[in-house]
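Subject: The structure for you to look through

Hi,

Here is the structure I said I would pass on. Have a look at it first, and then read my notes below.

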Amino acid sequence: MSSQSAFPAFLIDKHIAYIRALDKKTDTFEYYGTEYLRISGAYWGLTALALVHALPVHEKEEVTQMVLSCYDAETGGFGGNAGHDPHLLYTLSAIQVLALFDNLQAIDVDRVAAYVAALQQPDGSFFGDKYGEVDSRFVYCALNALTLLNRRHLVNVDAAVQFIERC
């Protein structure tokens, strides 16, 4: 058996540099093509950095302001970017980003939780937004968000589980 690994070395510094550069290349098609999911992209990138112990904690305020720029005060939800309609997917991403920085106190937890809870339907499913799309992933998003906010009691978890079982 060879003493060399079958896998190349993990070049952690290159991975960190790549992830950190993603939001700096603002003159590319990819940057503009993903504008609608900026908050989720921030979550994915920041989580990747956290996994390799490179979360930019010194950027907590900047990141928090970016998250808050996606907040819709009328509904209590978050859009994928500033000025976008609120949606459950992006609301979860916003909560997750703030949780990464231990900064959930930056939002009105009760208002955001009420937005999420109001999306539950009598059959246990959840709408993604005001337009009424139902998808099983929205159950996960809602329960994850409400768990992070310590507000899962606001929804009927049993009905949500039964909805998933019927899928």
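Let's begin with the largest pocket: helix α3 gives the largest share of its lining, eight residues. Keep in mind as you read that this is a predicted model.

Helix α3 covers residues 38–51, and it doesn't do the job alone: α1 (12–21), α2 (29–33) and α4 each supply at least two lining residues as well. The volume of this pocket comes to about 760 Å³. Its lining is made of 24 residues, and if you want to find the centre, look for Ile19, Leu22, Asp23, Gly41 and Ala42, which are the closest to it. What sort of residues line the pocket, by class? There are 12 nonpolar ones, eight charged and four polar.

Now zoom out to the whole chain. You should be able to pick out eight helices and two strands. Going along the sequence, they come in the order α-α-α-α-β-β-α-α-α-α. The C-alpha trace spans about 60 × 45 × 30 Å along its principal axes.

Next, some helix packing. Two packed helices are described by the angle between their axes and the distance between the axes. I picked two pairs for you, and α5 is in both.

The first pair is α4 (residues 60–68) with α5 (residues 88–100). Their axes are 10 Å apart, and the angle is about 165°. Angles over 145 degrees count as roughly antiparallel, so that is what we call α4 and α5. The crossing of α4 past α5 is left-handed. On the α4 side, the contact is made by Val63, Thr64 and Val67, and on the α5 side by Ala94, Val97 and Leu98. Five of these contact residues are nonpolar, one is polar and none is charged.

The second pair is α5 with α7 (residues 136–148). Here the angle is about 30° and the axes lie 9 Å apart. The cut-off for roughly parallel is under 35 degrees, so α5 is roughly parallel to α7. This crossing, with α5 passing α7, is left-handed. From α5, the contact uses Leu88, Leu89, Leu92, Ile95 and Gln96; from α7, it uses Arg137, Phe138, Tyr140, Cys141, Ala142, Asn144, Ala145 and Leu148. By class, that contact has 10 nonpolar, two polar and one charged residues.

Have fun clicking around!

Cheers

Key: Residues are numbered from 1 along each chain as its sequence is written. This is a predicted model: local features need pLDDT of at least 70, side-chain atom pairs count only at pLDDT 80 or more; totals for chains, interfaces and linings use all residues. Side-chain values use heavy atoms; hydrogens and water are left out. Axes are lines fitted to C-alpha atoms, for helices over the stretch in contact, and angles run from 0 to 180 degrees between N-to-C directions. Helices (H or I, at least four residues) and strands (E, at least two) are DSSP runs, numbered from the N terminus. Angles under 35 degrees count as roughly parallel, over 145 as roughly antiparallel, 65 to 115 as roughly perpendicular and the rest as oblique. A crossing is left-handed if the near helix is turned anticlockwise from the far one by less than a right angle, and right-handed if clockwise. Contact means heavy atoms within 4.5 Å. Ala, Val, Leu, Ile, Met, Phe, Trp, Tyr, Cys and Pro count as nonpolar, Asp, Glu, Lys and Arg as charged, and the others, Gly among them, as polar. On a 1 Å grid over the protein atoms alone, a cavity is a set of points where a 1.4 Å probe fits but cannot get out, and a pocket is an open set with protein on both sides within 12 Å along at least five of seven lines; lining residues have an atom within 4 Å of a point. Grid points are joined across faces, edges and corners, and a volume is the space filled by probe spheres set on the points.
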